[in-house]
Each structure stands twice: as C-alpha cells, then as structure tokens.
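Reader: I'm new to this structure. How do I read a pocket?

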Amino acid sequence: VVVAVAGWGAWAAAGRALRPVRRLDAELAEITAADPRRRLAVPDPGNETARLARRVNGVLDRLERSTVHRRRFIADASHELRTPLTGLRAQIELALADPADPELVDTLRRSLRDSERLHRIVDDLLALARLDSGATPDREPVDLAALVEAEVARRTAPVRVHAKAEPGLTVEANRFEVTRLLLNLLDNAERHANGLVEVEARQEGDSAIVEVRDDGPGIPHADRDRVFERFTRLDAARSRSEGGSGLGLALARQIAAVHGGTLRAADGALGARLVLSLPLAR
Ligand SMILES: Nc1ncnc2c1ncn2[C@@H]1O[C@H](COP(=O)(O)OP(=O)(O)OP(=O)(O)O)[C@@H](O)[C@H]1O
Ligand SMILES: [Mg+2]
C-alpha cells in the first residue's frame, strides 16, 4: 500500500509539473494553425517553462520576419517582371494589328529589348536563389589581378576604365561568380561615371581587395546599406525600361559572402567607391 501511494504521489507530481508544458503545446498548435503574429504567453518568469516559451517566441519572431521578407520579395519580383512583359505584349499586338507597317522592325527591336530584360531579371533571380540555398559553386584558384585586367580590357563603354592590379592575388573562388560580381560593379560605375572608372586590386593582410571607383555623383551616406537590398534603385526617376532592376549589388554582395568575403560602399574621393574583400588562397 505504501509503495502504491508513493507511486501515485510521484505520478500526480509529475503531472502537475508537466501541466505548463502541455499548455504551451496546446497554444503552439493554435498559433501555427491560425495567427502567425500570436505568441506564447510566458508563465512565471525564471523557471524552465518560461525560458522555453521565450525561446519559442524568438523562433516565431524570426519566422514571421522571414515570411514578411519573402512576401515583399515576391511582390517586388512580380512587379519587376510585369513591366517588360506588358511592353512585350503591347508590341506584339501592335505588330499583329498592322503587319505591313514600315515601323514593324522598330517594334520588333523593342520587343527583343524587353525579352532580353526579362531574361536578365530571371537569370539574376535564379542566381540569387542558388546562392541563398547555400550551394557552394565549384571553386578553383583564381588570379584576381589577371581577371581584373582581362575584364577591364574588354570594356567598350565611352568612359575611360583604368586598372591597377598587384600580381599574385590568388583566391579560391568560382570564376564565373567572381566575374559576374566584378562586371556588376563595372556596369554600375560606367553607368554613373562622368568620364573615368578606376579599378584597383591589392593585398591587405590575408585578403585581396578590389576597389571600383568612379567620378560620378557617388552613393549618399544614408543609402550605403540600402543599395545592397534586392530591387533597390536610388535613381527612381530612371525609366524602368532602361537601366537595371536593382539586383546587381544584392547579387554581388551575396557572391562575396559565399566566398567568405565582404562588399561595401565606402567614401570615395570623387564619386562611388565599392570595396570588395576576399580571403587569399593559402
Ligand atoms: N557607382 C555608382 N554610383 C552611383 N550610384 C550607384 C552606383 N552603383 C550603384 N548605385 C545605385 O545603387 C542602385 C543599386 O545598384 P544595383 O547594381 O543593385 O542595381 P542597378 O544597377 O540599378 O540594376 P542591375 O544591377 O540589376 O542592372 C542603383 O540603382 C544606383 O541607384
Ligand atoms: Mg547594377
């Protein structure tokens, strides 16, 4: 009898102790099903259950933030894709309405530009999705100085592009991605420069630094983080049919990050100054 009573006592005590956990469990089941903004009520502070409730609430906060972020990203992406699609459709309708129109060729050229723009946006979105998934692309030793010089030599923009690269800057990287990063910086610099773009590659400690500078209006201090967000374009007045979609710097920073490096906008003597840092290969 004594053993039975002691056993029952222990069972009842365990049941009492678990009651708050059961309540949390029931609340959590409701939250996930119904309202993503609801949180667990935190019981008496200080005990283990309260700590658990706070931790779960923290996870819910993060999930909600990421959902909001994702929703905005999808809305922005759809909006960005709709502009060239609308143009494309209008041009096809125009061409079909009067196939004998002598301006048909112009209409087709405009359609081609819009489809190229669509293609570029989809390519960038796919690249971002790939990088987001944490996939580490194939790497090989890449000579950054040689890459900078080769890409600069290929530029055909009306502005002067000047390269200064220290030899022997080898990084372990995906050549395609690092080239894409550099091209995004060069495209931006050429687009905003008055007449001169300078690219400098040098060693600093264990890192390879690549700076792309231009003599344009620069990036205002207040916007130096924002420009790396997806779909941010500061010169909103620029028509959407020309210029970019605001993915270039987001992609560039993500590429730097998967390689263990950083990309930031810094103070420039004249205009913009974008600074890439990548760990040197050992
Ligand atoms: N060198 C620069 N000088 C001045 N402003 C710049 C420079 N580089 C980028 N910016 C500003 O930052 C914004 C974001 O740049 P980002 O490269 O991400 O997009 P984009 O060039 O507009 O489009 P995309 O690169 O997708 O073709 C630009 O729209 C521009 O307002
Ligand atoms: Mg760009």
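Author: Lay a 1 Å grid over the protein atoms alone: a pocket is an open set of points where a 1.4 Å probe fits, with protein on both sides within 12 Å along at least five of seven lines, and lining residues have an atom within 4 Å of a point. Its volume is the space filled by probe spheres on points joined across faces, edges and corners. This is a predicted model, where local features need pLDDT of at least 70 and side-chain atom pairs 80 or more, while totals for linings use all residues. Residues are numbered from 1 along each chain, ligands from 1 in written order, and side-chain values use heavy atoms, without hydrogens or water.

Here, the largest pocket has a volume of about 840 Å³. It is lined by 35 residues, and Asn 184, Asn 188, Arg 191, Gly 248 and Leu 249 come closest to its centre.

Reader: Where does the largest pocket lie?

Author: Between domain 1 (1-135) and domain 2 (140-279), because both give residues to its lining. The bounds come from an automatic or database domain assignment.

Reader: What surrounds ligand 1?

Author: A residue counts as near if one of its heavy atoms lies within 4 Å. Here 20 residues surround ligand 1, with Asn 188, Arg 191, Asp 214, Asp 235 and Leu 249 the closest. The Asn 188 side chain has an N or O atom 2.7 Å from a ligand 1 oxygen. For Arg 191, a polar side-chain atom sits 2.9 Å from an oxygen of ligand 1, and Gly 246 places a polar backbone atom 2.9 Å from a ligand 1 oxygen.

Definitions and conventions:
Polar contact = N/O pair within 3.5 Å; in protein donor to acceptor, adjacent residues only side chain to side chain.
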